[in-house]
Structure formats: C-alpha cells, structure tokens
Amino acid sequence: LTLALYIVLIIRFKERGLIAGNLLVGFLAATIIMLRLTNVVMTNTAIIGIALAVIIDYMFLIQILKSKGNFNEILIKHFLNWTPTYIITVIIAFSKMTAISSFGMALIWGAMIMYIYNLIFTKSLIDFLKEIKNEKK
C-alpha cells in the first residue's frame, strides 16, 4: 500500500512527490517502531489500522502539496476533520476482543505519531524547502 501511494505521489507531484513519499515511508517506519515498543498485539485488524493511518497521512500530505497556506492551519483543519474517527477509535481500543482492540490501538498510535511526525519532520522540511526557494530568487 505504501509503495503504491509512494508511486502515485511521485507521478502527481514530481520532485515534491518524491519528498512526500519519503515522509510517508518514514511515518510508516515510526508507527511500526512505536507499535513494537508499546507491545500492541499485531493481528490482521491491526495491520488494517496501520494501513488506515498511512492513508490518513497520505491525505494530509496531499493537502500540504496542493495548498499554499499555513502548515499549522492545514494540520489543525485535518485534525478537526478526522476527530470523529479518532473518538470512535479510542472507544474501539478499549474493547475486550483482541482483534478489535488491536485495530483501535494501531490507529490511535498511528494518529498520534502522524501529528508528532508531521510537526517535526514535515514542517521542518517544508520550511527548509521554502528557504532554498527564496535563496534562489
């Protein structure tokens, strides 16, 4: 899934898509490391939760690539759009059934990592690329 999204980003956005694809792969790696460190039970549904987190991050990266606006405003808007999903995910995470609970935990950690990762890496990279663009002018 991540490879397919990586290819789509490169085709649609060229160089910026390559950078966004690398950010997407980094997000997936950070999420898997966090799930390993927190001992989340990995079931098939947890893998679906990870895939959903990757898709949500992909949608965020698309918004960033298409917009010329402020990064923080886009991040807040994205969070507010997905808030109902996160609330449902927290409820699912406390289920007694392991399969359902692992889906919820994977998606909760995926969401938390997504916002932290994007605030640290994506924002820094966007600021750096803007600096380079301004220096060339």
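Here is a short chat about exposed residues and aromatic pairs in this predicted model.

Trainee: Before we start, what should I keep in mind about this model?
Mentor: It's a predicted model, where local features need pLDDT of at least 70, side-chain atom pairs count only at pLDDT 80 or more, and totals for chains, interfaces and linings use all residues. Residues are numbered from 1 along each chain as its sequence is written, and side-chain values use heavy atoms, with hydrogens and water left out.

Trainee: Why is Lys14 called exposed?
Mentor: Its relative accessible area is 53%, and exposed means over 50%, buried under 20%, partly exposed in between (1.4 Å probe, protein chains only). So Lys14 counts as exposed. Lys14 also has a positive phi of about 55°, although it is not a glycine.

Trainee: And what makes Asn39 exposed?
Mentor: Asn39 comes in at 62% relative accessible area, so it's exposed.

Trainee: Why is the pair of Phe60 and Phe71 called edge-to-face?
Mentor: Ring centres of Phe, Tyr and Trp (its six-membered ring) must lie within 6.5 Å to pair; planes under 30 degrees apart are stacked, over 60 edge-to-face, the rest tilted. Phe60 and Phe71 sit 5.8 Å apart, centre to centre, with 80° between the planes, which fits edge-to-face.

Trainee: How do you know whether Phe60 and Phe71 are buried or exposed?
Mentor: Phe60 has 0% relative accessibility, so it counts as buried. Phe71, at 7%, counts as buried too.

Trainee: How many aromatic pairs are there by this rule?
Mentor: The count comes to six. Ring pairs also link Phe27, Tyr117 and Phe121 into a cluster.
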